Amino acid sequence: MIRLIVSDIDKTLLKDGEKSLEKRVIECVRQLYDNKIIFMVASGRPYTDIYTMFEEVTDKMVIVSCDGAMMADGDKIIVNPMNQSKSLSIIKTANELDMPVCVTSQTTTYLKRDNPEFYHMIDKN
């Protein structure tokens, strides 16, 4: 008996170059839920991106985002955050190496390139 189906998004549920899911994927999630089979999507994508993609059925599935740093089961969200001093140290090193930085919270994703407001946004979350 199948109880759980786990899938990635990119190149699995989304074909190369596509930005949105086919309606049949959403319908499949509904059918799995109706048949008491848990559907879980696991991705390196930020939670907000995945939520938007599956918005019609997020109450019928489990989301694992940010390579496992954040999970959502319906309205229950489990976060495994990095402490602030470690985060700031990584950001400082990335800046020194002229690398872009992406920070994700439950509601927003910040992408820092050359934005001095970036540190202020991190302190608020």
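**Exercise 1. The loop around Cys 66**

Where is Cys 66 found in the chain? Work on the predicted model shown above, and then describe the backbone of Cys 66 and of Asp 67.

*Solution.* Begin with the position: Cys 66 is found in the loop between S3 and strand S4, the latter covering residues 70-73. Asp 67 lies in the loop between S3 and S4 as well.

Next, turn to the backbone angles, keeping in mind that most residues other than glycine have a negative phi. Cys 66 departs from this pattern, since its phi is near 55 degrees and it is a residue other than glycine. Asp 67, which is not a glycine either, has a positive phi of about 55 degrees.

Finally, consider the surroundings of Asp 67, whose relative accessible area is 70%, which means that Asp 67 is exposed, the cut-off being over 50%.

**Exercise 2. A residue at the end of strand S3**

Decide whether Ser 65 is buried or exposed, and list the residues that it touches away from its own stretch of sequence.

*Solution.* First locate the residue: Ser 65 belongs to strand S3, which covers residues 62-65. Its relative accessible area is 0%, and because buried means under 20%, Ser 65 counts as buried. Then set aside the neighbours within four places in sequence, and the contacts of Ser 65 that remain are with Ser 43, Arg 45, Pro 46, Tyr 47, Ile 50 and Met 70.

**Exercise 3. The two sides of helix H1**

Which residues of H1 are buried, and against which elements do they pack?

*Solution.* Start with the outline of the helix: H1, made of the twelve residues 23-34, reaches 17 Å from its first C-alpha to its last, which is close to the 16 Å expected at 1.5 Å a residue. Its buried residues are Val 25, Ile 26, Val 29 and Leu 32. Looking down the axis of H1, one finds these buried residues within an arc of 120 degrees, so they line one face of the helix.

The next step is to ask what this face meets, and the answer is that the buried residues of H1 pack against strand S1 (4-7), strand S2 (38-42) and helix H2 (47-53). On the other side of H1, by contrast, Lys 23, Arg 24 and Asp 34 are exposed. To complete the description, go to Lys 36, just after H1, where phi takes a positive value of about 60 degrees.

**Exercise 4. Charged pairs**

How many salt bridges does the count come to, and which parts of the chain does the pair of Asp 10 and Arg 45 tie together?

*Solution.* As a starting point, recall that side chains of opposite charge can pair when their charged atoms come close. In this model the count comes to six salt bridges. One of them joins the side chains of Asp 10 and Arg 45, with a distance of 2.6 Å from N to O. Because Asp 10 lies in the loop between S1 and H1 while Arg 45 lies in the loop between S2 and H2, the pair ties together parts that are 35 residues apart in sequence. As for accessibility, Asp 10 counts as partly exposed at 35%, and Arg 45 counts as partly exposed at 21%.

Now follow the partners of Glu 22. Lys 15 forms a salt bridge with Glu 22, in which the closest N and O atoms are 3.5 Å apart. Arg 24 also meets Glu 22 in a salt bridge, here at 2.5 Å from N to O. Through shared partners, the salt bridges join Lys 15, Glu 22 and Arg 24 into one network. Within this network, Glu 22 counts as partly exposed at 27% relative accessibility, whereas Arg 24 is exposed, with a relative accessible area of 61%.

**Exercise 5. A nonpolar patch and the whole chain**

Which residues form a nonpolar patch on the surface, and in what order do the elements of the chain run?

*Solution.* Take the patch first: it is formed by Leu 4, Val 6 and Ile 38, which together have about 250 Å² of accessible area. Val 6 has its place in strand S1 and counts as partly exposed, at 47% relative accessibility.

Then step back to the chain, which has four helices and seven strands. From the N terminus on, these elements run β-α-β-α-β-β-β-α-β-β-α. The chain has 125 residues, of which 31% count as buried, and it exposes about 8,700 Å², with carbon and sulfur atoms supplying 52% of that area. Lastly, among contacts between residues at least 6 apart in sequence, 48% join residues at least 24 apart.

Terms used. Residues numbered from 1 in each chain as written. Predicted model: local features only at pLDDT ≥ 70, side-chain atom pairs only at ≥ 80, totals over all residues. Heavy atoms only, no water. Helix = DSSP H or I, 4+ residues; strand = E, 2+ residues; numbered from the N terminus. Buried < 20%, exposed > 50% of the residue type's maximum accessible area, 1.4 Å probe, protein only. Contact = heavy atoms within 4.5 Å. Areas by Shrake-Rupley, 256 points an atom, 1.4 Å probe, with all protein chains shown as cover. Expected span 1.5 Å × (residues − 1). Arc of directions from axis to C-beta. Patch = residues over 30% accessible without salt bridge, like charges linked within 9 Å, V, L, I, M, F, W, Y side chains within 5 Å. Salt bridge = Lys/Arg side-chain N within 4 Å of Asp/Glu carboxyl O.
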